[in-house]
Amino acid sequence: MTSSSTAALVSSNIHKVDVGEDGLTFDPDTLHVSPGGKVEFHFYPGNHSVAQAAFDNPCHPMSTSSFFSGFHAPTHDESSTVFTLTVNDTDPIWFYCGQVGHCQAGMVGVINPSGANTLDSFKNAASNADGITVPSAVQGGVLGKNDETESSTSSGASTGTASSTETESSTSSGASTGTASSTESPSPSAANAGAKSHSVIDMSCVLVLSFLMGLLLM
Ligand SMILES: [Cu+2]
């Protein structure tokens, strides 16, 4: 709470990744993050995770200390937990979902790709990867609360952060003058509809009556 001003400065350098919102995907799956920037993974229904792999060995941890979010399986909305990774340098960071089959299905991504190593080639290698493993512990990042799933209480609170006064130019004006009178017309048509339903009822009465008459005559 005391460091609200620094939080405001850093927030512009947080990159959000949606995990499994549209099938077996990271969205976006390619990020360019400068050193000190953060990547926030948001988990959607399904059962997903994110872990770091080496480019030439997809679907397996790069090392025993590779970052790993653990598995998150919210049932009908975004998880209330996010996994935040801090990027320390400009080296490429290859990542994958550790759920069985997901990495092979192309659920992979990269931070700061460079040179000849492309996401397409990583994805292609992943599709042929032998099995899938994840680090034994959640590590290398921070599990935190998802601000977007709370009832938004994130306002004010900061004394002296002038940056928070973003002018949202409200362009919702004009355009709605004189349309009020046009909404008083539907009464005649409503009356027509009423008359119509009456005649339908009358018709059905006639049918029932004639049916009964037929029974009596037999
Ligand atoms: Cu997955």
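**Figure 1. Salt bridges across the model: three turn up in a search of the whole structure.** A salt bridge here is a side-chain nitrogen of Lys or Arg within 4 Å of a carboxyl oxygen of Asp or Glu. Keep in mind that this is a predicted model, where local features need pLDDT of at least 70 and side-chain atom pairs count only at pLDDT 80 or more, while totals for chains, interfaces and linings use all residues. Residues are numbered from 1 along each chain as its sequence is written, and side-chain values use heavy atoms, with hydrogens and water left out.

**Figure 2. K16, D18 and E148 share a salt-bridge network.** Start at K16, which bridges to D18 with 3.8 Å between the closest N and O atoms. E148 also pairs with K16, here with the closest N and O atoms 3.0 Å apart. That second contact links distant parts of the chain: E148 belongs to the loop between β9 (142–145) and α3 (187–217), K16 to strand β1 (residues 14–19), and the two positions lie 132 residues apart in sequence numbering. Helices (H or I, at least four residues) and strands (E, at least two) are DSSP runs, numbered from the N terminus. How buried or exposed is each partner? Going by relative accessible area (buried is under 20%, exposed over 50%, partly exposed in between; 1.4 Å probe, protein chains only), D18 is buried at 12%. K16 comes out partly exposed at 33%, and E148 is partly exposed too, at 49%.

**Figure 3. D29 meets K123 in a salt bridge.** The closest N and O atoms of this pair sit 3.7 Å apart. D29 is in the loop between β2 and β3 (30–31) and K123 is in helix α2 (residues 119–127), so to speak distant parts of the chain, 94 residues apart. Both ends are partly exposed: D29 has a relative accessibility of 24%, K123 one of 29%.

**Figure 4. One disulfide, C59 to C103.** A search of the whole structure finds one such bond, a disulfide being a pair of cysteine sulfur atoms within 2.5 Å. The two sulfurs are 2.0 Å apart, and the torsion about the S-S bond is about -80°, so this disulfide is left-handed. It joins distant parts of the chain, with C59 in the loop between β5 and β6 and C103 in the loop between β7 and β8 (108–111), 44 residues apart. C59 is buried at 0% relative accessible area, and C103 is likewise buried at 0%.

**Figure 5. F26 packs edge-to-face with F95.** The structure holds eight aromatic pairs. Rings of Phe, Tyr and Trp (its six-membered ring) pair if their centres lie within 6.5 Å; planes under 30 degrees apart count as stacked, over 60 as edge-to-face and the rest as tilted. For F26 and F95 the centres are 4.9 Å apart and the planes stand at 90°. F26 sits in strand β2 (residues 26–27) and F95 in strand β7 (residues 93–96), so the pair ties together parts 69 residues apart in sequence. Both rings belong to buried residues. Ring pairs also bring in F41, giving a cluster of F26, F41 and F95.

**Figure 6. F55 and W94 make a tilted pair.** Their centres are 4.8 Å apart, with 55° between the planes. F55 lies in the loop between β5 (51–53) and β6 (81–86) and W94 in strand β7, so parts 39 residues apart in sequence are tied together. F55 is partly exposed at 22% relative accessible area, whereas W94 is buried at 5%.
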